[in-house]
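Me: I should like to understand the terms used for a protein model and the grounds for each. May I put my questions one at a time?

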There are 2 protein chains.
Amino acid sequence: MRFYDELVDESLPAERQTVPAITNVPQAEYPRVYADGRVIFRIRLPLAKSVYLGGGQGLCQAPVPMKRDSQGVWSLTIGPVTTGFHYYWFNADGAMLNDPGSETFFGNNRETSGIEIPDPIFISTDLTNEPVASFYDPHGGPQGQMQERLYQSAITGSWRRCLVYTPPGYSDEANAKTRYPVLYLQHGIGDDETAWSRQGRVHFILDNLIGGVSSSPFPMGRSVPRAKPMIVVMENNSAAYKAATSAGNHDPSASDLPRTSGAFGAVVVDELIPLIDRNFRTLADRDHRAIAGISLGSELAMSTAFRHPELFSAVGCFSGAQYYLPRPRSAPSQAAAPDAPLFDPATAFGGVFNDAASFNARFPLFWFGAGTAEVLLNQALREKVAKLRAAGIKTVLYQSAGTAYEWQTWRQCLNQFAPLLFQA
Amino acid sequence: MRFYDELVDESLPAERQTVPAITNVPQAEYPRVYADGRVIFRIRLPLAKSVYLGGGQGLCQAPVPMKRDSQGVWSLTIGPVTTGFHYYWFNADGAMLNDPGSETFFGNNRETSGIEIPDPIFISTDLTNEPVASFYDPHGGPQGQMQERLYQSAITGSWRRCLVYTPPGYSDEANAKTRYPVLYLQHGIGDDETAWSRQGRVHFILDNLIGGVSSSPFPMGRSVPRAKPMIVVMENNSAAYKAATSAGNHDPSASDLPRTSGAFGAVVVDELIPLIDRNFRTLADRDHRAIAGISLGSELAMSTAFRHPELFSAVGCFSGAQYYLPRPRSAPSQAAAPDAPLFDPATAFGGVFNDAASFNARFPLFWFGAGTAEVLLNQALREKVAKLRAAGIKTVLYQSAGTAYEWQTWRQCLNQFAPLLFQA
């Protein structure tokens with residue numbers, strides 16, 4: 001993992017104001033980015049008849065044709081595109097292919113090229129004339145640790161892997177008796193357990209929040225912690241019951257979720273939480289356990305928490321409104337259940353919202369966030385939250401300005417959500 | 001990361017005796033493997049004129065043409081190929097492309113498709129009729145942990161990342177005062193710091209060695225630890241001095257190493273070791289510090305250790321003979337310095353081998369290993385070791401039967417080398 005350490009001098013001629021993207025493999029010159037978020041893509045395919053750039057919502061809404069030169073090199077400049085991380089790929093004569101110049105990231109259920117667009121804040125400088133890092137960049141302060149842990153799941157009949165973030169100081173001798181609250185944090189459709197660290201930068205966001213590192217250039221305050229030190233656990237949403245027992249065990253209350261995630265709640269409750277509480281110094285009670293996720297992951301967070309209020313006290317939903325909502329099939333967003341009903345607080349999640357007082361007491365933090373540029377989803381989310389509020393349910397609603405169904409929205413969501421956790 | 005949990009019933013018709021490779025992305029049916037190591041590759045490229053399979057030494061020595069069906073699907077069955085991990089890619093009309101059905105791994109200086117071929121031992125069963133896992137598979141016993149740690153390098157002028165394995169029990173309260181020896185383990189040319197965990201399975205190999213888990217089917221002994229609990233640190237060989245100081249600081253004794261690795265020894269000695277000793281419970285002396293690597297990484301291990309005998313007492317070289325040896329340019333192995341001189345113990349590494357008694361006292365473990373199928377490299381290695389022995393240098397030489405310049409060789413090397421460490 002690399003970072004933008006410097007961008008080019010803007011007094012140079014325009015064509016020299018680019019640097020290779022930090023998501024490129026070493027020595028790869030393309031794609032190149034401008035400080036303003038424009039990107040030059042380039043790939044050599046001399047025999048191809050047509051080449052298009054494809055990508056996630058924040059990069060391009062539809063495939064964009066590339067232009068061939070006399071050497072068979074296809075290129076394209078787009079943007080400015082949104083700050084942050086975007087998936088992309090090329091389509092050459094109908095075949096999807098990744099950019100050999102880019103690292104790959106697991107998304108869309110496959111390995112996919114990705115590009116990190118520099119944060120404009122980076123171009124600012126602080127009083128010492130140093131460029132300012134983003135809230136999702138490392139700042140050189142105390143670091144938490146990312147660990148991976150494998151376990152054999154009896155529920156899915158397979159080995160499974162979770163990634164675990166422990167906060168700065170967790171391994172210090174002085175904290176040997178300290179116990180920590182835990183956030184269970186889910187990825188969205190098509191991603192896996194690596195997404196929150198690789199695409200999402202979860203560890204840097206938490207390090208900066210816990211360490212009180214400010215992203216604001218004036219001054220570089222490092223003194224006011226903005227989030228409680230916490231453990232964050234990331235598992236894979238893809239969790240189906242093992243074949244022999246799938247008919248009997250499929251969770252009926254999750255029947256509107258994809259079958260491939262049908263066992264996820266059971267894995268979390270019966271296997272993952274015990275594993276984490278056994279192996280880490282956790283505060284193992286509901287007041288110190290939260291669950292959140294992106295998209296499908298937010299549905300899984302809600303369905304798991306609402307069936308187990310004895311385990312969770314806080315729920316976060318990032319870009320999570322696509323279920324329970326009718327939408328044109330041509331919507332530029334992600335897959336939805338084709339005939340999903342309108343969200344109805346009276347029936348959703350087995351009627352959990354009917355007793356608002358009880359719900360509010362059980363879940364003092366029920367948090368929603370989405371980007372303003374994911375227009376349909378955002379509109380649906382605002383309607384959903386309005387209905388919940390009309391039913392007396394207390395919610396927080398956050399809007400990430402100018403971002404779409406993309407990682408920058410979810411980095412922002414985490415940065416807003418985490419400081420509210422475990423304040424009781 | 002997934003594992004072969006079961007292979008198909010060999011009493012089935014041949015065409016049904018395959019399973020998707022565990023290195024495939026979820027739901028991808030191809031490539032598929034047979035228990036005997038044959039592989040079926042398949043990719044849909046309707047408009048391509050020609051498609052070849054390319055891969056690492058253990059998979060195919062030269063590109064193999066694939067065959068198109070009427071639907072534009074290209075396929076190929078090869079093998080049996082060597083057990084273990086292999087890089088591969090497709091070449092369609094001159095363009096290198098990865099398999100959309102495969103995970104990617106950083107190798108050859110880019111993201112590359114990879115395939116894990118099942119270990120034939122897996123088809124064996126133990127007395128309870130359970131399939132037997134390999135020495136590089138998880139066995140369900142106590143696990144070490146993989147962590148990543150970022151740091152700002154003054155030497156390279158960039159953020160750098162190391163991955164750190166801590167052994168089973170490291171975080172147990174009972175071991176809060178226990179200190180551990182450290183192995184610094186390098187990847188080879190074109191890989192990065194993730195290679196030893198993703199392709200090499202370093203954590204499973206160490207877990208099994210430390211836990212005394214036997215790969216032998218009869219019996220599944222778990223009682224005799226075969227290696228000392230140790231910390232393993234993996235960094236990126238790619239480490240050039242930052243531009244401003246490169247002329248003055250380039251390490252002259254490493255002048256036959258690629259410039260892109262010229263600062264690696266300095267990073268290890270001046271930044272990495274202090275970082276690790278500060279942040280982990282290490283035994284911070286030469287008797288409890290070893291360094292090993294693959295290929296270029298083995299040269300870096302030697303050059304770093306021999307200049308710093310006050311820091312290291314053991315050195316391991318895996319497939320490491322390509323420098324200092326003339327070889328036909330057409331050799332099917334990796335890049336060599338074109339006019340590399342014959343290995344001469346009298347002059348190599350500044351003459352460190354001239355005082356054999358002193359060398360042997362300083363480096364009681366000087367270990368070499370390679371695969372018998374990497375013919376030229378292996379021959380060169382045996383000649384090199386013979387010269388060292390003739391000069392009175394004590395060495396261990398290990399031969400991995402039937403494996404080439406590939407990860408299975410290096411997994412075997414680590415499995416043989418690690419038990420010899422830190423025995424004093």
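Me: What makes a residue of chain A count as buried, and what share of chain A does so?

Reply: Buried means a relative accessible area under 20%, exposed means over 50%, and partly exposed lies in between, with a 1.4 Å probe and protein chains only. Of the 424 residues of chain A, 61% count as buried. This is a predicted model, in which local features need pLDDT of at least 70 and side-chain atom pairs count only at pLDDT 80 or more, while totals for chains, interfaces and linings use all residues. Residues are numbered from 1 along each chain as its sequence is written, chains are lettered from A and ligands numbered from 1 in the order in which they are written, and side-chain values use heavy atoms, with hydrogens and water left out.

Me: Why is A:R201 called buried?

Reply: The relative accessibility of A:R201 is 4%, and the limit for buried is under 20%; A:R201 therefore counts as buried. A:R201 is found in the loop between helix 1 (195-198) and helix 2 (202-211) of chain A. Helices here are DSSP runs of H or I with at least four residues, strands are runs of E with at least two, and both are numbered from the N terminus.

Me: What is notable about the phi of A:R201?

Reply: Phi of A:R201 is near 60°, a positive value in a residue other than glycine. Most residues other than glycine have a negative phi. A:F349 also has a positive phi, near 50°, and lies in the loop between strand 17 (314-318) and helix 6 (356-362) of chain A. With 18% relative accessibility, A:F349 counts as buried.

Me: What makes the peptide bond from A:Y30 to A:P31 cis?

Reply: Its omega is near 0°. Most peptide bonds are trans. A:P31 lies in the loop between strand 1 (18-20) and strand 2 (32-34) of chain A. In chain B, the bond from B:Y30 to B:P31 is cis, with omega near 0°.

Me: Why is the pair A:K177 and B:E173 called a salt bridge?

Reply: A salt bridge needs a side-chain nitrogen of Lys or Arg within 4 Å of a carboxyl oxygen of Asp or Glu. The N to O distance between the side chains of A:K177 and B:E173 is 2.7 Å, so the pair meets the rule. Across the interface of chain A and chain B, the rule finds two salt bridges.

Me: Which elements supply the side of chain A that touches chain B?

Reply: Several elements each supply at least two residues, including strand 9 (95-97), strand 10 (104-107) and helix 2 of chain A. Strand 12 of chain A gives the largest share, eight residues.

Me: How many residues does the contact take from each chain?

Reply: The contact takes 42 residues from chain A and 42 residues from chain B, where contact means heavy atoms within 4.5 Å. The area buried between the two chains is about 3,600 Å², that is, the accessible area (1.4 Å probe) that two parts lose on being put together, summed over both.

Me: How do you know that B:V268 is buried, and what is in contact with B:V268?

Reply: The relative accessible area of B:V268 is 0%, so B:V268 is buried. B:V268 lies in helix 4 (residues 264-279) of chain B. Leaving aside neighbours within four places in sequence, B:V268 is in contact with B:I273, B:P274, B:T304 and B:F312.
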